Amino acid sequence: MSEERAAALDVPTLVSALTLEEKAGLLDGSDFWHTQGVERLGIPAVMVTDGPHGLRKQAGEADHVGLHDSVPATCFPPAAGLASTWNPDLLTRIGAALGRECRAEEVAVLLGPGINMKRSPLCGRNFEYFSEDPNLAGELGTALVNGIQSEGVGTSLKHFAANNQETDRMTVSADVDERTLREIYLPAFERVVTGAQPWTVMCSYNRINGVYASEDRWLLTDVLRDEWGYQGLVVSDWGAVNERDAGVHAGLDLEMPSSGGGGTTVILDAVAAGTLSEKDVDLAVTRVLDLVNKAIPALAPGQGFDVDAHHVLAREAAAASAVLLKNDGGLLPLATGGGPIAVIGEFARSPRFQGAGSSQVNPTRVDTALDALRAATDVVFAPGFVIESEQADPALVEAAVAAARDAEVAVLFLGLPPSYESEGYDRAHMDLPQHQIDLLNAVADVNDNVAVVLSNGSVVTVAPWQHRAKAILEGWLLGQAGGAATADLLLGVVNPAGKLAETVPVRYADNPTVGAFPGEHGHVRYGEGLLIGYRWYDAHQLDVAYPFGHGLSYTTFSYGDLDVTTGTDTAQVSLTVTNSGARAGTETVQVYVSDPQASVYRPEQELRGFAQVTLEPGESKRVTVELDRRAFAFWHPALRNWTVEGGEFGIRVGSSSRDIRMDTTITLEGDDVVTPLTVESTADAWLAHPAAGEWLRTSLTGAFHDMLFDPKNGQMMRAIPLVRLSRFPGFPVSETQVTEAVQRFS
Ligand code: BGC
């Protein structure tokens, strides 16, 4: 970018100086990765690129699905790993590093993070998303966006919204009720928008209840801007535009990649025909120019970044991302010096450290666990299998068994082949390749001390084989330093602290979307409503292999002295956590809220806050978690608003969603909730209304009074809409009086 362009743009003046053609042009990309510039007015083009767990800037041929190479950049763990850290501070630091790498490459906006909910374990892009829980995803997304933007580089919060599968992703309609959208699929976006103001939000490809996200005015304007106060720009996912003029009116400012002028023509024609107002165009242009303005300061050439320091950070992140699922008899950390360790599995030598598609980063270097373990101790290696093969290789199996037979411990690196999960399609099943499980069985037949390290972007079935391993380290996809970080964890150089951000069900058939994923004939019905992830397994009292929030450490923690103070609709939870083991370690305290007295169905418990604490052996610290109003609120379907119903709430504090260590009940005053009456409201609903109840009680006389309050049949009568009762011969209130009363009391 040249010096004279570095001055800030005077946006209002420019908007009046631009011709309509230039304005329509600014709402379209100029190629795959750039906005358009307007030379005569000194408006520069800016570059946006993927990510988001690293920079994917293509210097040569461009595509948006990761086919062509990009410049080297640090590959941090993808979101599935980062989410398991439950560590917002770490994510902010990673974000700042990502921001520096963008600046070094003069990139204005990094296209991420993706914060869609993990509705099904089979979504092909789950590795790019944080969690099945909106609260956790929202907190971590906010931290990452704040980190990136602290370097003067923008983000693109994606994919807005209800993009929870890859099958038919460009057309499928996610059919989902408003309460579920509000409580499950939108809150993570809301949290990041209100807490970090991402420079851009990327609308998703799919439709929501039949309307394309790219032209959904309710979503892009009413909710995003008017309710949440979003100030930035909305960009289309690459190729998500359906009808460009409808998109501009809905609040979709920028079409990407370039439509080759097609979108511009549609806009110009619609303005000429009077179906799109120039005001809408001006608003979108203003947002594009605001984005360019924000980007200008960071686009000075010649800024580098510290490649080594970022690799060190990637290693720290990777170690924090892995989750120790199981560690029977304290098999881990590995004891070294007592004979060789058998390291088995091709993944130890050829790590799978990120997923495929638009997020694929060209790493600055790649560590392998095999090299790192070899550098630290005596190792015998056997690859055991070919990663992309569906068949066992008998010679490789034989060599692996031989290596395991003579070793004290066998560490098996198992995982999903890259072709199993990717952007663009969903997984066919939740299982590891059968030949890998056969290999585990063969190894466990000759060696009792087996530790499994998993590489997978989203959960895999462990129930059929996990009894053959004493220890399991869930390694997700850990980025370019994942190999060294895995060795750090196995050897106890770093104490594991990761916790599951998604439940590991016993079997695929237990998950809530069976029968309703990925949908059919263009529709996917979110019939499970609020009950995704642990909310479902809890509601159905299903055993799980490993619960949401689970993760072991090489030390142990005890909880005590729970104290909860309350406001009208808020609470503050404090407790003391003690490291009761022999090593320094980090614990994540999780606070779940239940609402047993609600007038609507509420999940058994919901994560509403968490805090992380690092403790030396024997050390104790007081931990405090603030619960705001939203921690207790639900989206009231009739009031169409967030509501806190007064009454009792359960506060559960635990080390996982199923390892609740302490709990208590609090009482909150909450809101004055008056459910509005309609002509269809039952007599019961009328009687429950503070003012209308009084009116009805005094109006009810004679036989109908007795009938409605009859101990035997009264309940049945009161379940009838009042307007229907009013039509019964002799009912003391007329239909007209009911209709008038609806007006009077609403
Ligand atoms: C993906 C986005 C990505 C964009 C640009 C799309 O196919 O869904 O996540 O940012 O391409 O590569």
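In this predicted model, the side chain of Arg 119 has a polar atom sitting 3.0 Å from the backbone oxygen of Ala 516. The Arg 119 side chain also makes a polar contact of 2.6 Å, this time with the side chain of Glu 528. As for where Arg 119 belongs in the fold, it is found in the loop that runs between strand S3 (109–110) and helix H5 (134–149). Despite being in a loop, Arg 119 is buried, and its relative accessible area comes to just 2%. Leaving aside residues up to four places away in sequence, the residues that Arg 119 touches include Asn 164, Tyr 185, Asn 511, Thr 513 and Phe 517. Val 524, Arg 525, Tyr 526, Gly 527 and Ile 532 are also among them.

Strand S3, at one end of that loop, pairs with strand S4 in the parallel sense, over two bridges. One residue pair to look for is Leu 110, whose bridge partner in S4 is Thr 155. Strand S4 itself covers residues 154–160, and seven of its seven residues are buried.

Next comes the ligand. It has 14 residues around it, and the ones that come nearest are Asp 50, Arg 125, His 159, Tyr 205 and Asp 237. For Arg 125, an N or O atom of the side chain is 2.8 Å from an oxygen atom of the ligand. Arg 169 has a side-chain N or O atom 3.2 Å from a ligand oxygen, and for the side chain of Glu 423 the corresponding distance is 3.1 Å.

Helix H16 (residues 482–491) is another mostly covered element, with 10 of its 10 residues buried. The buried residues include Asp 488 and Thr 486, along with Gly 482, Gly 483 and Leu 491. What does the covering? Helices and strands both contribute: helix H12 (307–321) and helix H13 (369–376) are among the elements over the buried residues of H16, and so are strand S14 (410–415), strand S15 (450–455) and strand S16 (471–474). After H16 comes Gly 492, which has a positive phi, near 80°.

Further along the chain there is an open sheet of three strands, in the order S20-S21-S24, with antiparallel pairing. Strand S20 (557–566) and strand S24 (620–627) are its edge strands, each pairing on one side only. On average, and ignoring direction, neighbouring strands in this sheet are turned by 20° against each other. Strands S20 and S21 (residues 571–579) run antiparallel and are joined by eight bridges. To pick out one of the paired positions, Val 564 has Val 573 in S21 as its bridge partner. As background, strands of a sheet pair through backbone hydrogen bonds, in either a parallel or an antiparallel way.

Finally, how many disulfides does a search of the whole structure find? The count is zero. Cys 75 can't form one because its sulfur is 14 Å from the closest cysteine sulfur, which is in Cys 102, and that is too far for a bond; the cut-off for a disulfide is a pair of cysteine sulfur atoms within 2.5 Å. Cys 123 is in no disulfide either, with the nearest cysteine sulfur, that of Cys 203, 17 Å away. Both cysteines are tucked out of reach of the surface probe: Cys 75 is buried with a relative accessible area of 0%, and Cys 123 counts as buried at 1% relative accessibility.

Note on methods. Residues numbered from 1 in each chain as written. Predicted model: local features only at pLDDT ≥ 70, side-chain atom pairs only at ≥ 80, totals over all residues. Heavy atoms only, no water. Buried < 20%, exposed > 50% of the residue type's maximum accessible area, 1.4 Å probe, protein only. Helix = DSSP H or I, 4+ residues; strand = E, 2+ residues; numbered from the N terminus. Contact = heavy atoms within 4.5 Å. Pairing = 2+ DSSP bridges. Axes fitted to C-alpha atoms, helices over the stretch in contact; angles between N-to-C directions. Near = heavy atom within 4 Å. Polar contact = N/O pair within 3.5 Å; in protein donor to acceptor, adjacent residues only side chain to side chain.
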